[in-house]
Amino acid sequence: MEAFFRTHSYLVEHVHAPVRRTLMDEIDWRDRLIGIKGTRGVGKTTFLLQYAKENFDVRDRQCLYVNMNNFYFQGRGIADFAGEFVSHGGRVLLIDQVFKQTEWSQELRRCYDLYPELKIVFTGSSVMRLKEENPELNGIVKSYNLRGFSFREFLNLMTGNQFHSYSLDDILHNHERIVKEILPKVSPMRYFQDYIHHGFYPFFQEQRNYSENLLKTMNMMTEVDILLIKQIELKYLTKIKKLFYQLAEEGPKAPNVSQLANDIETSRATVMNYMKYLTDARMLNMIYPVGEDFPKKPSKVMLHNSNLLYAIYPINVEKQDAMETFFVNSLWKDHTVNQAGKDAHYIVDGDKRFRICDAKNDAKMRKNDDTYYARYNTEVGHDNQLPLWLLGFLY
């Protein structure tokens, strides 16, 4: 136990979190069992350590961070360890990468039943279905998703500002006022392309090649998050990776499922399942017409965020594709995005029509009153035409 406390103290003292994530204030910390899901690289470990730093003195032994990668836990269950922690006065156990422990959900249930004075906050992969696949946690776990940086968070980090987020309705109805509050402090367009290229994953701050780091992260998403958690045999890994690359190379469009099945030598149903796994791993987004959903074929498949475009196929990134990817990714956290006919047309939350367009080339475009035009290559908007970058302030 002493070794774990020493590690906890060192990590909390040295945690670097220059941007406070909005999720920190969205969680009801009174709950006894809290799950933080998220894709690799979005900062789940930092999030746990930041929570410990904000709420406990580093010498306070009521809180302890542990990582299930530690080989110690191959011979000892979470519940036994938690029991010893509680006996020493422990009250909050922060468990990183919980899925690395066998029978982790049953172990968490034992902790919940045996130690009513103990709070557990754990992290896991976005692929995990906490309640659907682990009935023993139904009714006792509260699940949250940690996302990569929004453009707002990236902008705050790069400029030292403290811009707050806005609701979609506020942006749609008051974007001219909001922009007037932001522009005197910073020029968002100076930072927007940097965010599109490398701003989503917090590890861009590390002194390493970002694209190489992101490629390694994507490989871990497929090799661990999909294969291990979904219990898929290793021999199918190359098929999943090949499918992902082909979808990325084709850009945002309706997938030809039969052709993809032929290319990776599997069935149409398996292709659809693989696309669902890649979507759960936050590598893809599948866009459907209103009223439709998986397992039907999507009307468009795109990468989950624009950074992935540049890591996968940097020489062939179309500006329009990157901007639509940003749009869908920014809205994805709290809103439903559906396809609405032509390529750049979307319906949000079932009733708001959007079109993504280039402000430099849309002067002659006929504008409809029932459509919002999210325009890139501009910092300002008017009426139903708003600057696309401002949708990066939704969280």
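# Chatting through a predicted model

Me: Let's start with the hairpin of S9 and S10. Which residue there takes a positive phi?
Reply: That's aspartate 349, with a positive phi near 55°. The hairpin has three residues between its strands. Keep in mind that this is a predicted model.

Me: And how do S9 and S10 pair, and over how many bridges?
Reply: They pair in the antiparallel sense, over four bridges. Strand S9 covers residues 345-348. Within that pairing, tyrosine 346 stands opposite phenylalanine 354 in S10.

Me: Which strand does S10 pair with in the parallel sense?
Reply: With strand S11, residues 371-376, over six bridges. Here arginine 355 of S10 stands opposite tyrosine 373 in S11.

Me: Is S10 enclosed or open, then?
Reply: Five of its seven residues are buried, so S10 is largely enclosed by the rest of the structure.

Me: What does phenylalanine 327 touch, leaving aside its neighbours within four places in sequence?
Reply: Phenylalanine 327 is in contact with Val337, Tyr346, Val348, Phe354, Ile356, Leu388 and Leu391. You've met two of those already: Tyr346 and Phe354 stand opposite each other.

Me: Nice. How many residues are in the largest nonpolar core?
Reply: It has 134 residues. Phenylalanine 327 is among those with the most contacts inside it, along with Leu93, Ile95, Leu108, Phe122 and Phe151. The largest share of this core comes from helix H9 (residues 210-230), which gives eight residues.

Me: Changing topic: how many residues of strand S4 are buried?
Reply: Seven of its seven, so to speak a mostly covered strand. S4 runs from 119 to 125.

Me: Which strands is S4 joined to?
Reply: Strand S1 (residues 33-38) runs parallel to S4, and six bridges join them. Strand S3 (residues 92-96) also runs parallel to S4, with four bridges. For examples of bridge partners, leucine 33 is matched with isoleucine 120, and valine 92 with lysine 119.

Me: Where do the side chains point in a strand like that?
Reply: As a general rule, side chains in a regular strand alternate between the two faces of the sheet.

Me: OK, pockets! How much space lies in the largest one?
Reply: About 820 Å³. It is lined by 35 residues, and Gly41, Val42, Gly43, Lys44 and Thr46 lie nearest its centre.

Me: Which helix gives the most to that lining?
Reply: Helix H3 does, with six residues. H9, the helix from the core, supplies at least two. By class, the lining has twelve nonpolar, 14 polar and nine charged residues.

Me: What about the second largest pocket?
Reply: About 640 Å³ of space lies in that one. It has 22 lining residues, with Thr279, Asn285, Met286, Asp293 and Trp332 the closest to its centre. Strand S6 gives the most to this lining, with four residues. The classes here are seven nonpolar, six polar and nine charged.

Me: Last one: where is lysine 276 found, and is it buried or exposed?
Reply: Lysine 276 is found in helix H12. It is in between: partly exposed, with a relative accessible area of 23%. Leaving aside its neighbours within four places in sequence, lysine 276 is in contact with Arg129, Met286 and Phe294.

Me: How far is lysine 276 from glycine 43?
Reply: They are 233 residues apart in sequence and 23 Å apart in space, C-alpha to C-alpha. Glycine 43 is one of the residues nearest the centre of the largest pocket, while Met286, a contact of lysine 276, is one of the closest to the centre of the second largest.

Note on methods: Residues numbered from 1 in each chain as written. Predicted model: local features only at pLDDT ≥ 70, side-chain atom pairs only at ≥ 80, totals over all residues. Heavy atoms only, no water. Core = buried A, V, L, I, M, F, W, Y, C linked by side-chain atoms within 4.5 Å. Buried < 20%, exposed > 50% of the residue type's maximum accessible area, 1.4 Å probe, protein only. Contact = heavy atoms within 4.5 Å. Pairing = 2+ DSSP bridges. 1 Å grid on protein atoms, 1.4 Å probe; cavity = no way out; pocket = protein on both sides within 12 Å on 5 of 7 lines; lining within 4 Å. Points joined across faces, edges and corners; volume = space filled by probe spheres on them. Nonpolar A, V, L, I, M, F, W, Y, C, P; charged D, E, K, R; others polar.
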